[in-house]
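Subject: The structure we talked about

Hi there,

Here is the structure I promised to pass on. Please open it alongside this email, and I will walk you through what turned up.

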Amino acid sequence: MTEQSARIDLGALAEEHAALAAAGPHGRSAHLVLHDGVLRQTVIALRAGAVLDEHNAPVAASLQVLRGRVSLTVAGRRLEVSAGELHPVPQERHGLIAHTDAVVLLTAVTA
């Protein structure tokens, strides 16, 4: 892989997937941008009000909000995360709610 091909324009991906989420019937769009062994990074765009239902946590993960405001839902609690913030994903079932149109970068380590 060349240095040029390894570059990922997160701004352009955020713009593209925000538009897809806005136009899509479920209000969301996702794209796996990096898959390197156990490391995965995914851009996820959500229209305001869209929800990702609770699901099991990977071995380790973090959520970086590129634009908008979301909440991680964990055991009946809501952990709000806004644009520019990075938050670890708890090691328990969790979901995601978009309070505004939002785009996040999910970084996960799988086993």
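Below are my notes, going from the whole chain down to single residues.

Please keep in mind that this is a predicted model, and every value here was computed from it.

The overall fold

The chain contains one helix and nine strands. Following the sequence, the order is α-β-β-β-β-β-β-β-β-β, so the helix comes before the strands by the DSSP assignment. The C-alpha atoms fit in a box of roughly 45 × 35 × 25 Å along the principal axes. A compact globule of 111 residues would have a radius of gyration near 13 Å, and the 14 Å of this chain agrees with that. Of the 111 residues, 34% count as buried. The accessible surface is about 6,300 Å², and carbon and sulfur atoms account for 54% of that area. If you look at contacts between residues at least 6 apart in sequence, 61% of them join residues at least 24 apart.

The nonpolar cores

In soluble globular proteins, nonpolar side chains tend to be buried together. Here, the largest nonpolar core has 15 residues. The members that touch the most others are Leu46, Leu63, Val65, Val70, Leu96, Ala98 and Val104. Which strands supply at least two residues each to this core? They are strand 2 (39-46), strand 4 (60-67), strand 5 (69-74), strand 8 and strand 9 (102-109).

Leu96 is a good place to click first. Leaving out residues up to four places away in sequence, Leu96 touches Leu46, Ala50, Val51, Leu52, Leu63, Val70, Ser71, Leu72, Thr73 and Val104. There is also a second, separate core of eight residues, with Leu13, Ala14, Ala21 and Val43 among them.

A buried histidine

His94 sits in strand 8, which covers residues 94-98. Is His94 buried or exposed? With a relative accessible area of 6%, under the 20% cut-off, His94 is buried. A polar atom of the His94 side chain lies 3.1 Å from the backbone oxygen of Glu92. Beyond its neighbours within four places in sequence, His94 is in contact with Asp53, Glu54, His55, Asn56, Ala57, Pro58, Leu72, Thr73, Val74 and Val89. Leu72 and Thr73 appear in the contact lists of both His94 and Leu96.

The salt bridges

Side chains of opposite charge can pair when their charged atoms come close. How many salt bridges does a search of the whole structure find? It finds two.

In one of them, Arg67 meets Glu15, with 3.2 Å from N to O. This pair links distant parts of the chain, because Arg67 belongs to strand 4 and Glu15 to helix 1 (residues 10-23), 52 residues apart, under the DSSP assignment. Arg67 is partly exposed at 29% relative accessible area, and Glu15 is partly exposed at 48%.

The other joins Glu80 and Arg69, whose closest N and O atoms are 3.4 Å apart. Glu80 lies in strand 6 (residues 77-82) and Arg69 in strand 5, 11 residues apart. Glu80 counts as partly exposed at 48% relative accessibility, as does Arg69 at 28%.

Have a look around, and write back with anything you would like to go over.

Best wishes

Methods:
Residues are numbered from 1 along each chain as its sequence is written. This is a predicted model: local features need pLDDT of at least 70, side-chain atom pairs count only at pLDDT 80 or more; totals for chains, interfaces and linings use all residues. Side-chain values use heavy atoms; hydrogens and water are left out. Helices (H or I, at least four residues) and strands (E, at least two) are DSSP runs, numbered from the N terminus. Buried means under 20% relative accessible area, exposed over 50%, partly exposed in between (1.4 Å probe, protein chains only). A polar contact is a pair of N or O atoms within 3.5 Å; within protein, one must be able to donate a hydrogen and the other to accept it, and residues adjacent in sequence count only if both atoms are side-chain atoms. Contact means heavy atoms within 4.5 Å. A nonpolar core is a set of buried Ala, Val, Leu, Ile, Met, Phe, Trp, Tyr and Cys residues joined through side-chain atoms within 4.5 Å. The radius of gyration is taken over C-alpha atoms; the globule rule is 2.2 Å times the number of residues to the power 0.38. Accessible areas come from the Shrake-Rupley method with a 1.4 Å probe; for residues, only the protein chains shown count as cover. A salt bridge is a side-chain nitrogen of Lys or Arg within 4 Å of a carboxyl oxygen of Asp or Glu.
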